[in-house]
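User: Hello! I have just opened this model and would like a friendly tour of it. Could we go through it in questions and answers?

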Amino acid sequence: MRRIAIFVLVLLLLGVARASEPFTVAAKGAVLIDGASGRVLFGQNENAQYPMASTTKVMTTLLALENASLDEQVTAGKNAYGVTGTSLYLSEGETLSMEHMLYGLMLRSGNDAAVAVAEHIAGSVPAFAEMMNQKAKELNIDAHFVNPHGLDADGHQISALGLALLFREAMKNPAFRTITATQRKVIPWVGNDYSRVLENKNKLLKTYEGATGGKTGYTGKAGRCLVFSAKRGELELIGAVLNCPTWFDTATELLDYGFENFKAETALQKGQPVATLPVRGGMQPTVEALAEEALSAAVPVGSEASVGLSLPAFAQAPVVTGQPLGSAALVSGRREYARCALLAASDVEVRDFTQSLRRLLRRWLLLFEE
């Protein structure tokens, strides 16, 4: 019995050792991030830039949603007609709503729709590419865009981390979240007796429990590319693989790793009062500090998280509503997992003799009101 017990113990220890060892995946670039905080949970060449193929259309769709309404009418011009690769087979002069164009972008991966959307928003593909690069700069992601569809072009590339962070930003938009999660959509086909039936190319929506969206891409230069997401309970994970022959299997492996090893922790809700800060020289002695956003992050299974506050000893009047007062961090041990700003809940005017006198007079007059 003693030998058996020792043998079992050794097997368990070996299992723990293997679980803690770093692993590699069959992709040139790969990453898994926490959807709440954006923190990297797994990375493999995640900062190196590679061609991205049709995962480009995540940026195209995001810019379209930010710069146009879903009911705007988009007309396919001569540059959109006949674009190579996957297509909606738009006719020159054919008009669809922006909403239907975006379903064609994200589900069918229509390159012609990408050009039509780009020209509708920016007037030309080069001008739209400038918008894409400006957005990438604003989001501080490693990327350079040349076109709105992802067909091979010199310099058109992104890092796996940049793609995951881009998808995270897009998922903040409710319309994008709806589109990318749709498995099947029927849209008009002008001039035909039947409609276009669009099937989402992201197989994870059917095969992976909790899948919430994603975008596929493939060219000869880029190989198979995939950005993907899934949510179980309060934990949402986002991943990206670039030039990955086993794209869906690798995505499944990364998501499984994330859900097995991390849990969601929400310490503060958006707008939640966190602390009361003394005010020096103000008409009120204190001001409440509120969480600017939810303080949430993925933390390792088995860890205990707490909130650490970074606040000054006092605020100096005047204080304006929404003014940053400090910050709160979600920490476990010595590691910080997320941070959010703490904002003033109200105005606090400077105390002076005139204001104090007026305040006293108003209170005195209230005593005589019926």
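User: Which residues does F145 touch, not counting residues up to four places away in sequence?
Analyst: Bear in mind that this is a predicted model. Contact here means heavy atoms within 4.5 Å. Leaving out residues up to four places away in sequence, F145 touches M52, T56, M59, A129, M132, N133, A136, H156, I158 and L166.

User: Which residues have the most contacts inside the largest nonpolar core?
Analyst: The largest nonpolar core holds 58 residues. Another core, of 25 residues, lies apart from it, with A27, A30, L32 and L235 among its members. Back in the largest core, the residues with the most contacts inside it are F145 and I158.

User: How many of the residues of helix α6 are buried?
Analyst: Helix α6 runs over residues 160–170 and is mostly covered. Its buried residues are A160, L161, G162, L163, A164, L166, F167, R168 and A170. Out of 11 residues, the number buried is 9.

User: Is L96 buried or exposed?
Analyst: You will find L96 in strand β5, residues 95–97. Beyond four places in sequence, L96 touches E72, Q73, V74, L90, M101, I187, P188, V190 and R196. Its relative accessibility is 3%, and a residue under 20% counts as buried, so L96 is buried.

User: What separates the C-alpha atoms of L96 and W189?
Analyst: Along the chain, L96 and W189 are 93 residues apart. In space, their C-alpha atoms are separated by 8.7 Å.

User: Why is V279 classed as buried?
Analyst: V279 belongs to strand β14, which covers residues 273–280. Setting aside neighbours within four places in sequence, V279 is in contact with Q284, P285, T286, V287, A315, A317, V319 and V348. The cut-off for buried is under 20% relative accessible area. V279 is buried because its relative accessible area is 10%.

User: How far apart in space are V279 and L151, C-alpha to C-alpha?
Analyst: In sequence, V279 and L151 are 128 residues apart. Going from C-alpha to C-alpha, the distance in space is 58 Å.

User: Is T266 buried, exposed or partly exposed?
Analyst: T266 sits in strand β13, residues 262–268. Apart from neighbours within four places in sequence, T266 is in contact with L295 and S296. Its relative accessibility is 38%, and partly exposed lies between the 20% and 50% cut-offs, so T266 is partly exposed.

User: And how far apart in space are T266 and I179?
Analyst: These two are 87 residues apart in sequence. From C-alpha to C-alpha, T266 and I179 are 27 Å apart.

User: Stepping back to the whole chain, what is its radius of gyration?
Analyst: The chain contains 10 helices and 20 strands, and its C-alpha trace spans about 80 × 80 × 40 Å along the principal axes. A compact globule of 370 residues would have a radius of gyration near 21 Å. For this chain, the value is 26 Å.

User: What percentage of the residues in the chain is buried?
Analyst: The accessible surface of the chain comes to about 18700 Å², with 52% of it belonging to carbon and sulfur atoms. Of the 370 residues, the buried share is 45%.

User: Which share of the contacts with a separation of 6 or more comes from residues 24 or more positions apart?
Analyst: L96 gives one example of a contact partner in I187. Over the chain, among contacts with a separation of 6 or more, residues 24 or more positions apart account for 63%.

Key: Residues numbered from 1 in each chain as written. Predicted model: local features only at pLDDT ≥ 70, side-chain atom pairs only at ≥ 80, totals over all residues. Heavy atoms only, no water. Helix = DSSP H or I, 4+ residues; strand = E, 2+ residues; numbered from the N terminus. Rg over C-alpha atoms; globule rule 2.2 N^0.38 Å. Buried < 20%, exposed > 50% of the residue type's maximum accessible area, 1.4 Å probe, protein only. Areas by Shrake-Rupley, 256 points an atom, 1.4 Å probe, with all protein chains shown as cover. Core = buried A, V, L, I, M, F, W, Y, C linked by side-chain atoms within 4.5 Å.
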